[in-house]
Amino acid sequence: MSYGSHSRPRVLAAALVTLTALAALTGCDDKDVAGPAAAGRATGPRTTAPPTAGERTAGPGTAGPATASTPPPSAPAEPSVRAGHQEPPAGDGPLRGRTVVLDPGHNIRNQDHSAEINRSVDIGTGRKECDTTGTSTNSGYAEAEFSLDMAHRVRDILAAQGARVVLTHDGDRPYGPCVDERAAIGNAAHADAALSVHADGAAEGQRGFHVILPAKVKGGRADTGPIVGPSRELGERVAGTFVRETGSAPSNYIGHGTGLDVRGDLGGLNLSTVPKVFVECGNMRDAQDAARLTDPAWRARAAQGIAQGIADFVRGR
């Protein structure tokens, strides 16, 4: 899989070559999987039925009592761009006037609302669970906790550069939001870029990060044609800066060493009308990756890598 043309691929390729050399010296063999696996991909244990790879965001629909912030499955209501929480004030910097939506995967309270998160929602090309619980490390550090912490770190970096940053949730909801609402929040915000933060749950020995890009799909409310190109550019930039800041290698089990994976079965991507990617920061079920994911200092570097990739993309548009 190619990273595209011009300077970005060369920069990323150089970073990957350097990283490969470092891995050979240190015995490092990093990699990661993108969320609940698609057919043929290993997945880690989950509290609820495992979602398909990468759709591990807090969200496709909810069975049970509907709330104002949880749209019914047939016709999701237009979400509040504020998503029920306060946005941090934007600083005076190079991203002033730009909007970024960050989507922390899952919700730590999903485990208490299995009926709601198991309800299927329309993702344009089919139906999928509203959300899942996500995965966790063997020591119990939850993906939902990790993703929210990472979203806060990335938000603070981007807001300091002047961006308006919207979170799809801030740990302030009983569950979810569903994947369709997560996409709708980015659309309603007219985001310049949107990114969903995750960590994978694959087998021990499967390590590294990867970025999930939207495939070109069209069906129902899904039409990714206009965002496929810019989303790939966003994903390439994030992959390159993530390598540079963290020293983590691209997944050794997804993406054929490129750190990129294209998916057409994720509602959060299928229903987006703005450039959007998912980033799987590592495999929580692998001891080497888990040691990084649970390290606040590593998370600070990872957040810097993600934020820099987003900022580079937004400034270039």
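Which residues touch the most other members in the largest nonpolar core? Keep that question in mind as you open this predicted model, and let's walk through it one selection at a time.

**Stop 1: the whole chain**

Start with the cartoon view of the protein chain, where you can trace eight helices and 10 strands. The chain has 317 residues, and buried ones make up 60% of them. Switch on a surface if you like: about 11400 Å² is exposed, with carbon and sulfur atoms supplying 54% of that area. Now think about contacts between residues at least 6 apart in sequence: 84% of them join residues at least 24 apart.

**Stop 2: the largest nonpolar core**

Select Phe146, Leu158, Leu195, Val211, Cys281, Ile306 and Ile310, and you have the answer to the opening question: of the 41 residues in this core, these touch the most other members. Several elements each give the core at least two residues: strands S1 (99-104), S4 (164-167), S5 (193-200), S6 (210-214) and S10 (276-283), together with helices H3 (143-160), H5 (225-246) and H8 (296-315). Helix H8 provides the largest share, nine residues. In soluble globular proteins, nonpolar side chains tend to be buried together.

Zoom in on Ile310 and show its surroundings. Leaving aside residues up to four places away in sequence, Ile310 touches Val100, Leu102, Val154, Leu158, Ala193, Leu195, Leu234 and Val238. While you are here, colour a second, separate core of seven residues, which includes Val166, Ile185, Ala191 and Ala194.

**Stop 3: the sheet**

Next, hide the helices and look at the six strands of the open sheet, which follow the order S4-S1-S5-S10-S6-S9 with mixed pairing. At the edges you will find S4 and strand S9 (260-263), each pairing on one side only. From one strand to the next, the twist averages 25°. Bring back H8 and you can see this helix packing on the sheet, where it touches S1, S5 and S10; the direction of H8 makes about 150° with that of S5.

**Stop 4: strand S1**

Select 99-104. Is this strand enclosed or open to the outside? Six of the six residues of S1 are buried, so the strand is largely enclosed by the rest of the structure. Show the side chains: Thr99, Val101 and Asp103 point one way, while Val100, Leu102 and Pro104 point the other way. In a regular strand the side chains alternate between the two faces of the sheet.

Then check the neighbours of S1. S1 and S4 run parallel and are joined by four bridges, with Val101 opposite Val166 and Leu102 partnered with Leu167. S1 also pairs with S5 in the parallel sense, over five bridges, and here the bridge partner of Leu102 is Leu195.

**Stop 5: Ala194**

Step across to Ala194 in strand S5. Why does Ala194 count as buried? Its relative accessibility is 3%, and the cut-off for buried is under 20%. Beyond residues up to four places away in sequence, Ala194 touches Val101, Leu234, Val274, Pro275, Lys276 and Val277. Try a distance label between the C-alpha atoms of Ala194 and Leu234: they are separated by 9.2 Å, with these positions 40 residues apart along the chain.

**Stop 6: helix H3**

Select 143-160 next. H3 has 18 residues and reaches 26 Å from its first C-alpha to its last, close to the 26 Å expected. Its buried residues include Phe146, Leu148, Met150, Val154, Ile157 and Leu158, and also Glu143 and Arg155. Display what covers the buried residues of H3, and you will find S1, S4, S5, S10, helix H7 (287-293) and H8 among the elements. After H3, look for Gly162, whose phi is positive, near 105°.

**Stop 7: Pro296**

Finish at Pro296, which is placed in helix H8. Is Pro296 buried or partly exposed? Its relative accessibility is 43%, so Pro296 counts as partly exposed. For a last distance label, pick Pro296 and Asp149: they are 147 residues apart in sequence, and their C-alpha atoms are 9.4 Å apart in space.

Technical notes: Residues are numbered from 1 along each chain as its sequence is written. This is a predicted model: local features need pLDDT of at least 70, side-chain atom pairs count only at pLDDT 80 or more; totals for chains, interfaces and linings use all residues. Side-chain values use heavy atoms; hydrogens and water are left out. A nonpolar core is a set of buried Ala, Val, Leu, Ile, Met, Phe, Trp, Tyr and Cys residues joined through side-chain atoms within 4.5 Å. Buried means under 20% relative accessible area, exposed over 50%, partly exposed in between (1.4 Å probe, protein chains only). Contact means heavy atoms within 4.5 Å. Two strands pair if DSSP finds at least two bridges between them. Axes are lines fitted to C-alpha atoms, for helices over the stretch in contact, and angles run from 0 to 180 degrees between N-to-C directions. The expected span of a helix is 1.5 Å times one less than its number of residues. Accessible areas come from the Shrake-Rupley method with a 1.4 Å probe; for residues, only the protein chains shown count as cover.
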